[in-house]
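This report describes a protein chain through its sheet, the helices that pack on that sheet, its division into domains and the surroundings of a ligand. Some individual backbone features are collected in a table towards the end.

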Amino acid sequence: CGVYGVFGAPDAASFVALGLHALQHRGQEAAGVAAHEGEPNGFNIVRRLGHVRDSFTTAEVIKALPGRLALGHVRYSTAGAKGATAIRDVQPLYAEFAQGGFAIAHNGNIVNADALRAELIERGSIFQSSSDTECIVHLMARSIQRSAAERMKDALRRVEGAYSIIAMTRSKMIGVRDPLGVRPLVLGRAGDAWILSSESCALDIVGAEFVRDVAPGEMVIISDDGVESQFPFQPSKPRFCVFEYVYFSRPDSVIGGLSVYETRRRIGVELAREAPVEADLICPVPDSGTPAAIGYSQESGVPYAMGIIRNQYVGRTFIEPSEQIRNMGVRLKLNVNRAVVAGKRVVLVDDSVVRGTTSRKIKEMVLDAGAAEVHLRIASPPTTWPCFYGVDTPDKEKLLAATMSEEEMRDHLGVDSLRFVSLDGLYRACGVAEGRDDRAPQFCDACFSGDYPVAPSDRIAQGRLK
Ligand code: 5GP
Ligand code: SF4
Ligand code: MG
């Protein structure tokens, strides 16, 4: 998911709508915006299914969300009810405490949400959604603290998992990252206004300047007095999601001081060093494989070409929750450029293999178009474990690399060769020259290593972690 907040701009909701456009890649199922306009009107919220452009570009919607404070969310479901998104699960969520209204938007996933929900229901809470985020609201309601920030700290001390959260009261905006900083969150400034955003690419769109990342474990409280920074949790070594660099973030974002584009390009360089192959062309599987393919081509000296053309009007296939749609989605989204690949030994570069749907279809299409050989190079290590921190990977038994050896995968995908970048290669590309520190890894890489920085406690309790 993606989150975006604006403090102190006239018509803050219009900024938020623009910001959500730039975060659309982080979730395409639904979007919502909450704004506050002083008393007596208070909070207004619009929550809709579908893309931002379908709901938040008209003057009427923006007019319905007046005020200097606003925050928004783009959603794709990783927790709660799967399948079709119910409107009641769309964020921001809203609640009224004794001190006034409160809206919250969350990116990440709470790994003890089922246990918390059961406990809260036992003690009288009435849930209105299947969203894990709602646990935070009920925990806050039970806090004896008076301010929203203090209530939130109380609540978050009980929450395990990954969260980048933006919340607002009628006079304050709060941004917070979980102690490991698994998901991103940045602070920006546009004139007198403050901005919080999942990614820096969404600051550019409103002409805001990047101020800094919100630090792992940090809570920023923005008011008319400025930005106050607090560290309410026990300090721990950060474990930012390495997959944000591989795939999830937009390449024009800068996270943790690293350009996402440059990091992906360097993964391609590492891949070319680790897994070279005699070939005529390097072709990305667009768009997710493009920067790595550029790096692979630069390092290997083999020319880069657009052997596959992407239909710009189709969204990310994996973000479609149904399997059937995902299957058709590949052909709808990608087509082979015959004139380029015919007769050639082609290296296809993609960011990851999850179920193998994409790679298998693409390879077929490239061979049908007359390619002489197809080699597959993957800009991440084999995905062997599900993510419990906000990226929607399927269960282990559906992950190709969890059920097959590399050799078996090569046969299954029908390619002439198949190689993945090593975990150390990936870390080097992410600026860690010495590679992964196995005793204290510098990133979360659980989907590649099975080394979960926060135990997925609901899953363990349900016996569903194999
Ligand atoms: P596959 O077709 O192997 O299931 O998915 C791989 C493709 O989906 C890649 O082209 C990649 O861009 C995209 N993808 C990236 N990350 C994920 C993820 O976390 N889950 C899923 N299902 N697909 C992803
Ligand atoms: Fe990111 Fe993978 Fe960790 Fe999930 S398990 S947070 S996708 S690195
Ligand atoms: Mg892709």
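## The sheet and its helices

In this predicted model, six strands make up an open sheet whose order is β5-β6-β7-β8-β12-β13, and the pairing is antiparallel. The edges of the sheet are formed by β5 (93-97) and β13 (226-230), each of which pairs on one side only. Neighbouring strands of the sheet are turned against each other by 20° on average, direction ignored.

Within this arrangement, strand β8, which covers residues 173-177, pairs with strand β12, residues 219-223, in the antiparallel sense over four bridges. I174 has I221 of β12 as its bridge partner.

Two helices pack on the sheet. Helix α5 (residues 134-142) touches β5 and β6 (100-110), and its direction makes about 5° with that of β5. Helix α6 (residues 148-156) touches β6, β7 (161-168), β8 and β12, while its direction makes about 20° with that of β8.

The relation between these helices can be described separately from their packing on the sheet. Two packed helices are described by the angle between their axes and the distance between the axes. For α5 and α6, the axes come within 8 Å and cross at roughly 115°, and the crossing is right-handed. On the α5 side the contact involves I136, L139 and M140, which meet R151, M152, D154 and A155 in α6. Sorted by class, this contact of α5 with α6 has five nonpolar residues, no polar ones and two charged ones.

## Domains and their contact

Beyond the sheet, the protein chain is divided into domain 1, spanning 2-238, and domain 2, spanning 258-461. The centres of domain 1 and domain 2, taken over C-alpha atoms, are separated by 31 Å. To the contact between them, domain 1 gives 22 residues and domain 2 gives 17 residues. On the side of domain 1 that touches domain 2, at least two residues come from each of β6, α4 (113-122) and β7. By class, the residues of that side of domain 1 divide into seven nonpolar, 10 polar and five charged.

## The surroundings of ligand 2

Ligand 2 is surrounded by V182, C241, V242, F243, C387, Y389, V391, C444, D445, A446 and C447. Two helices, α8 (242-248) and α17 (446-449), each supply at least two residues of this shell. The shell around ligand 2 has 10 nonpolar residues, no polar residues and one charged residue.

## Individual backbone features

The table brings together two cis peptide bonds and one positive phi value, with the loop in which a residue of each lies.

| Feature | Value | Place |
|---|---|---|
| Cis peptide bond from Q91 to P92 | omega near 0° | P92: loop between β4 (69-75) and β5 |
| Cis peptide bond from P286 to D287 | omega near -10° | D287: loop between β17 (281-284) and α10 (290-300) |
| Positive phi of D11 | phi near 50° | D11: loop between β1 (2-7) and α1 (12-22) |

The loop that holds P92 thus leads to β5, the strand that forms an edge of the sheet together with β13 at the other listed edge. As for D11, the positive phi value occurs in a residue other than glycine.

Methods. Residues numbered from 1 in each chain as written. Chains lettered and ligands numbered in written order. Predicted model: local features only at pLDDT ≥ 70, side-chain atom pairs only at ≥ 80, totals over all residues. Near = placed C-beta within 6 Å. Nonpolar A, V, L, I, M, F, W, Y, C, P; charged D, E, K, R; others polar. Pairing = 2+ DSSP bridges. Axes fitted to C-alpha atoms, helices over the stretch in contact; angles between N-to-C directions. Contact = placed C-beta atoms within 7 Å. Left-handed = near helix turned anticlockwise from the far one by under 90°. Domains from an automatic or database assignment.
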